[in-house]
Amino acid sequence: MRRKPIIALIYDFDGTLSPGNMQEFGFIQAVGQTPAEFWAKSDGIAKGQDASNILAYMKLMHDEARKNHIKLTREGFKKYGADIKLYEGVRDWFQNVNAYGKAHGVIIEHYINSSGLTEIIEGCPIAKEFKHIFAGSFIYDDKGVAEWPGIAVDYTGKTQYLYKIQKGIFSARDSKLVNESWADADKRISMDHMIYFGDGETDIPSMKLVSLSGGNAIAVFDPSRPGKKDAARKLLRQGRVNFITPASYTKDSRTFRLVCAIIDKIKAETELRQFSRYK
């Protein structure tokens with residue numbers, strides 16, 4: 001019996017599924033700042049210390065919460081996640097794609113690959129749709145309060161999770177299995193069966209890797225934000241992505257039609273490879 005091909009849809013979060021950074025839907029307001037003020041401070045830390053932008057924002061979250069007598073707990077983060085805004089059609093997107101995949105003989109899996117925070121994403125309305133969430137997180141003390149960054153995911157860090165998805169490894173701390181050489185037949189999902197969605201600079205290495213490996217990288221853009229379409233076009237022109245599309249996920253959107261066409265292509269290529277093995 002032939003095994004059904006698994007197709008992995010891998011998403012950045014901020015700017016890809018949501019129109020803003022996840023910290024902007026409750027946390028920043030709770031510490032009495034505007035998003036512009038918070039991110040200016042975060043950038044100032046990174047520039048002043050020549051440090052990681054990701055670690056800088058995590059430090060700032062920790063410091064500002066303590067200054068405002070806010071305890072950063074897992075449950076607290078999840079509450080912020082519950083108020084995250086999503087692009088049009090995102091809530092129904094997963095059901096629609098899954099149904100299309102099932103009707104066309106493939107298995108669809110969804111993953112997050114984000115420089116944001118796992119704890120916030122886990123509280124958002126679509127968290128249950130993902131097989132796994134790869135993102136940043138904190139280390140917690142014995143009272144359940146965040147005290148130190150545990151995982152910080154930058155633009156190069158995102159690429160390691162593509163290999164983990166490929167091999168079916170879901171441990172964040174694993175550095176052994178992911179670096180072992182595996183035969184293609186032993187990999188759970190081949191990279192040419194990956195569809196990567198991203199919108200910004202932290203996604204470029206991952207989008208390029210997927211594209212070069214025979215998969216499909218899609219740059220999404222918010223048409224209402226000046227310059228975003230031009231930025232996506234630049235990525236397409238530079239060969240870093242295969243397609244660009246507006247950040248709309250309804251069943252009649254360009255994004256849905258595009259993904260359905262890619263699913264059809266992967267299914268057809270899988271069947272053709274079966275024919276080529278005839279003896």
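The largest nonpolar core of this predicted model holds 57 residues, and Leu9, Phe13 and Trp93 have the most contacts inside it. Helix H10 (residues 254-276) gives the largest share of this core, seven residues. Apart from it lies another core of 24 residues, including Ile165, Met194, Met207 and Leu235. A nonpolar core is a set of buried Ala, Val, Leu, Ile, Met, Phe, Trp, Tyr and Cys residues joined through side-chain atoms within 4.5 Å. Buried means under 20% relative accessible area, with a 1.4 Å probe and protein chains only. Helices are DSSP runs (H or I) of at least four residues, numbered from the N terminus.

Residues are numbered from 1 along each chain as its sequence is written. Local features need pLDDT of at least 70, side-chain atom pairs count only at pLDDT 80 or more, totals for chains, interfaces and linings use all residues, and side-chain values use heavy atoms, without hydrogens and water.

Now the pockets. A pocket is an open set of points on a 1 Å grid over the protein atoms alone, where a 1.4 Å probe fits, with protein on both sides within 12 Å along at least five of seven lines; lining residues have an atom within 4 Å of a point. A volume is the space filled by probe spheres set on the points, which are joined across faces, edges and corners.

| Pocket | Volume | Lining | Most from |
|---|---|---|---|
| Largest | about 1000 Å³ | 40 residues | H9, five residues |
| Second largest | about 600 Å³ | 22 residues | H10, five residues |

Closest to the centre of the largest pocket are Asn21, Asp199, Gly200, Glu201 and Thr202. For the second largest pocket, they are Arg3, Pro5, His193, Thr270 and Arg273.

Key: Buried < 20%, exposed > 50% of the residue type's maximum accessible area, 1.4 Å probe, protein only. Helix = DSSP H or I, 4+ residues; strand = E, 2+ residues; numbered from the N terminus.
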